[in-house]
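Reader: I have a protein model with a ligand in it. How do I read the space around a ligand?

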Amino acid sequence: MKQFQFTKMHALGNNYIYVNMFEEQIEESMLPQLAKEVSNVFTGIGSDGMILICPSEKAPVKMRIFNSDGSEGKNCGNGLRCVAKYAFENKLIEKKEFSIETLSGLVHAKLEVEEGEVSRVTINMGQPKLNRAEIPMAGTPDEKVINEQLEFDGSVYHGTAVSMGNPHLIFYVDSIESAPVLTLGPRVEKDPLFPDCINVEFVEVAAENELHFRVWERGSGVTQACGTGACAAVVSSVLNGHTKRGLDTTVHLAGGDLLINWTEEGNVLMTGPAEVICTGVYFYDK
Ligand SMILES: N[C@@H](CCC[C@H](N)C(=O)O)C(=O)O
């Protein structure tokens, strides 16, 4: 029997099993299977996936995210805030501003600390990518997909595609409560239009600085919140003329609120909380 120490953390209910790879050793080939196992509510710990906090040659820490189906994502907004909190509170770093490496590049974290505990984190997520080739999405590589007519099973929808280091497709709805998250979400996630599959978001515009949001995440299904998805929703809303560039926009997710700003300079800032739930030891067979 093998084992590793874990910390379960959540950011607005988007919960992952975090493993400190500065101290633990897990065989690379085991990671997808372990992510599935720990995520299982009945036979594991129960989570939306597993996140590794790793040493990096480019930054004080590197984040790797595995969804609950074992697939590896390239970015995770809620995960980044938890990694930043973990790194500071566990003394992997002493500064309140530092970079984090992800599979899609470097991002920058700024911590708000109260009595030694990180209460809120702002992540500068960098610039969104909009061309089809960058999403990735089938079609003319250098074209953007903004409010484009898309057909799924004979029904027509209008979608906007945004990459925040990982792919997102945003649909606008009149009522967030009746958004077809459980039906259109899984249908679109694995559509051949998206060679790497896609995260699917539903957005109701409440005001020029306020959005309601629900998500079907690639590799994890419905989650309480998706940080990169909320960033993508704000970028999409600026592109569609619903909100304004440079404005702090509140995104209401099932698990709580995020503050997102697509700045005039081009970077997307995401501010929100991160929480520790518990720590423990996970046992597994090789
Ligand atoms: N919950 C995350 C995103 C996690 C990865 C995503 N499912 C993917 O595969 O791209 C977030 O907070 O951004």
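Author: Start with the elements that meet the ligand. β2 (14-20), α2 (77-89) and α4 (227-239) each give at least two residues to the shell around it. Keep in mind that this model is predicted.

Reader: How many residues surround the ligand, and which are the closest?

Author: The shell holds 14 residues. The closest are Asn14, Gly77, Glu217, Gly227 and Thr228.

Reader: How do I sort the shell by class?

Author: Put each residue into one of three classes, then count. Here the shell around the ligand has nine polar, three nonpolar and two charged residues.

Reader: Which atoms of Asn14 and the ligand should I look at?

Author: For a polar contact, look for a pair of N or O atoms within 3.5 Å. In Asn14, a polar side-chain atom lies 2.7 Å from a nitrogen atom of the ligand.

Reader: What about Gly227 and Thr228?

Author: Check whether the backbone or the side chain is involved. Gly227 uses a polar backbone atom, 2.7 Å from an oxygen atom of the ligand. Thr228 uses an N or O atom in its side chain, and this lies 2.6 Å from an oxygen atom of the ligand.

Reader: How much of the ligand does the protein cover?

Author: Compare the ligand on its own with the ligand in place. On its own it has 360 Å² of accessible area, and the protein covers 100% of that.

Reader: Where does the ligand sit, in a cavity or a pocket?

Author: A pocket is open, whereas a probe in a cavity cannot get out. This ligand sits in the largest cavity.

Reader: How many cavities of 30 Å³ or more are there?

Author: The count is one. About 100 Å³ of space lies in the largest cavity.

Reader: What lines the largest cavity?

Author: Its lining has 15 residues. Nearest its centre are Asn67, Asn75, Asn166, Asn199 and Glu217. β2 and β4 (61-67) are the elements that give two or more residues to this lining. By class, the lining has eight polar, four nonpolar and three charged residues.

Reader: And how do I read the largest pocket?

Author: Take its volume, then its lining. The largest pocket has about 240 Å³ of space. It is lined by 19 residues, and Lys74, Gly165, Pro167, Asp196 and Arg218 are the closest to its centre.

Reader: Which classes make up the lining of the largest pocket?

Author: Nine of its residues are charged, seven are polar and three are nonpolar.

Terms used. Residues numbered from 1 in each chain as written. Predicted model: local features only at pLDDT ≥ 70, side-chain atom pairs only at ≥ 80, totals over all residues. Heavy atoms only, no water. Near = heavy atom within 4 Å. Polar contact = N/O pair within 3.5 Å; in protein donor to acceptor, adjacent residues only side chain to side chain. Areas by Shrake-Rupley, 256 points an atom, 1.4 Å probe, with all protein chains shown as cover. 1 Å grid on protein atoms, 1.4 Å probe; cavity = no way out; pocket = protein on both sides within 12 Å on 5 of 7 lines; lining within 4 Å. Sits in = over half its atoms within 2 Å of the grid points. Helix = DSSP H or I, 4+ residues; strand = E, 2+ residues; numbered from the N terminus. Nonpolar A, V, L, I, M, F, W, Y, C, P; charged D, E, K, R; others polar. Points joined across faces, edges and corners; volume = space filled by probe spheres on them.
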